[in-house]
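Open the model in your viewer and keep the selection box handy. We'll go stop by stop: what to pick next, and what you'll find there.

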Amino acid sequence: MKALILTITFIFLQGCVNIAVSPAVEGRVTNENGLPIEATILIQHNQLEKKSESTTTDKDGYYSLSKLRIWTPVPFSAIRLSSTVSVSAPGYKSVVFEADSYETVVRDIQLKAE
């Protein structure tokens, strides 16, 4: 039975590839005085509505999000690496920026108090 399930899975995945659909994003979030802030970072793929991931900063304000990935048939593999990144923290104005690159996007963010 296991062999049958594995065979069906391999047949289904034949011709599919796992591709990145967003750049990796990393950086540091600070306040106007340069002190680290605990913030939430969300990356949302611009063309694939339900493809997103979020993280929070560490105690020093650093964050890192790896590339979003999907399994797709080879002909559909030319998905643009374009995502919207939003950074938010309680008591601060949110910052939104576009990440459109094949390389890791390094972006330090300074949030301003509301």
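Before the first click, a word on pairing: two strands pair if DSSP finds at least two bridges between them. With that in hand, select His-45, which stands opposite Ser-83 in β7. One thing to keep in mind throughout is that this is a predicted model.

**The whole chain**

Zoom out and colour by secondary structure. You should find 1 helix and 10 strands in the protein chain. Starting from the N terminus, the order of elements is α-β-β-β-β-β-β-β-β-β-β. The chain has 114 residues, and 31% of them are buried. Turn on the surface: about 7,400 Å² is accessible, with 55% of that belonging to carbon and sulfur atoms. As for contacts between residues at least 6 apart in sequence, 59% of them join residues at least 24 apart.

**The open sheet**

Now show β4, β3, β7 and β8 on their own. These 4 strands make an open sheet in the order β4-β3-β7-β8, and the pairing is antiparallel. Which strands stand at the edges? They are β4 (52–56) and β8 (95–100); each has a single partner strand, so one side of each is left without a neighbour in the sheet. Look along the sheet and you can follow its twist, which averages 20° from one strand to the next. If you switch on hydrogen bonds, remember that strands of a sheet pair through backbone hydrogen bonds, either parallel or antiparallel.

Walk across the sheet pair by pair:

- Select β3 (residues 40–45) with β4: the two run antiparallel and are joined by 5 bridges. Gln-44 stands opposite Ser-52 in β4, and Ile-41 has Thr-55 as its bridge partner there. A hairpin of 6 residues connects β3 to β4.
- Next take β3 with β7 (residues 82–88), an antiparallel pair with 6 bridges. This is where you met His-45 opposite Ser-83.
- Finish with β7 and β8, also antiparallel, joined by 6 bridges. Ser-82 faces Asp-100 of β8. These two strands form a hairpin with 6 residues between them, and Gly-91 in the turn has a positive phi of about 85°.

**Ile-41, inside β3**

Stay with strand β3 and select Ile-41. Is Ile-41 buried or exposed? Its relative accessibility is 0%, so Ile-41 counts as buried, the cut-off for buried being under 20%. Leaving out residues up to four places away in sequence, Ile-41 touches a list of residues that includes Val-29, Tyr-63, Leu-65, Val-85 and Val-87. Glu-53 is also among the residues that Ile-41 touches; put a distance line between their C-alpha atoms and it should read 8.5 Å, for two residues 12 apart in sequence.

**β2 and β5**

Two of those contacts, Tyr-63 and Leu-65, take you to β5, where they make up the covered face. Flip β5 over and you get the uncovered face, Tyr-62 and Ser-64. Add β2 (residues 25–30) to the selection: 4 bridges join β2 to β5, and the two run antiparallel. Glu-26 stands opposite Ser-64 in this pair.

**Asp-60 and its salt bridge**

Step back along the chain to Asp-60, in the loop between β4 and β5 (62–65). Show side chains here: Asp-60 and Lys-59 meet in a salt bridge at 3.9 Å, N to O. How many salt bridges does the count come to? The count is 1 salt bridge. Colour the pair by accessibility next. Lys-59 counts as exposed because its relative accessibility is 74%, whereas Asp-60, at 35%, counts as partly exposed. Beyond residues up to four places away in sequence, Asp-60 touches Arg-28 and Pro-36. You can also draw a line from Asp-60 to Glu-38: the two sit 22 residues apart along the chain, with 8.3 Å between their C-alpha atoms.

**Last stop: the helix**

End at helix α1 (residues 2–13) and select Leu-4. Add Met-1 and Ile-5, and you have a nonpolar patch on the surface: Met-1, Leu-4 and Ile-5 together have about 360 Å² of accessible area.

Key
Residues numbered from 1 in each chain as written. Predicted model: local features only at pLDDT ≥ 70, side-chain atom pairs only at ≥ 80, totals over all residues. Heavy atoms only, no water. Axes fitted to C-alpha atoms, helices over the stretch in contact; angles between N-to-C directions. Buried < 20%, exposed > 50% of the residue type's maximum accessible area, 1.4 Å probe, protein only. Contact = heavy atoms within 4.5 Å. Areas by Shrake-Rupley, 256 points an atom, 1.4 Å probe, with all protein chains shown as cover. Patch = residues over 30% accessible without salt bridge, like charges linked within 9 Å, V, L, I, M, F, W, Y side chains within 5 Å. Salt bridge = Lys/Arg side-chain N within 4 Å of Asp/Glu carboxyl O.
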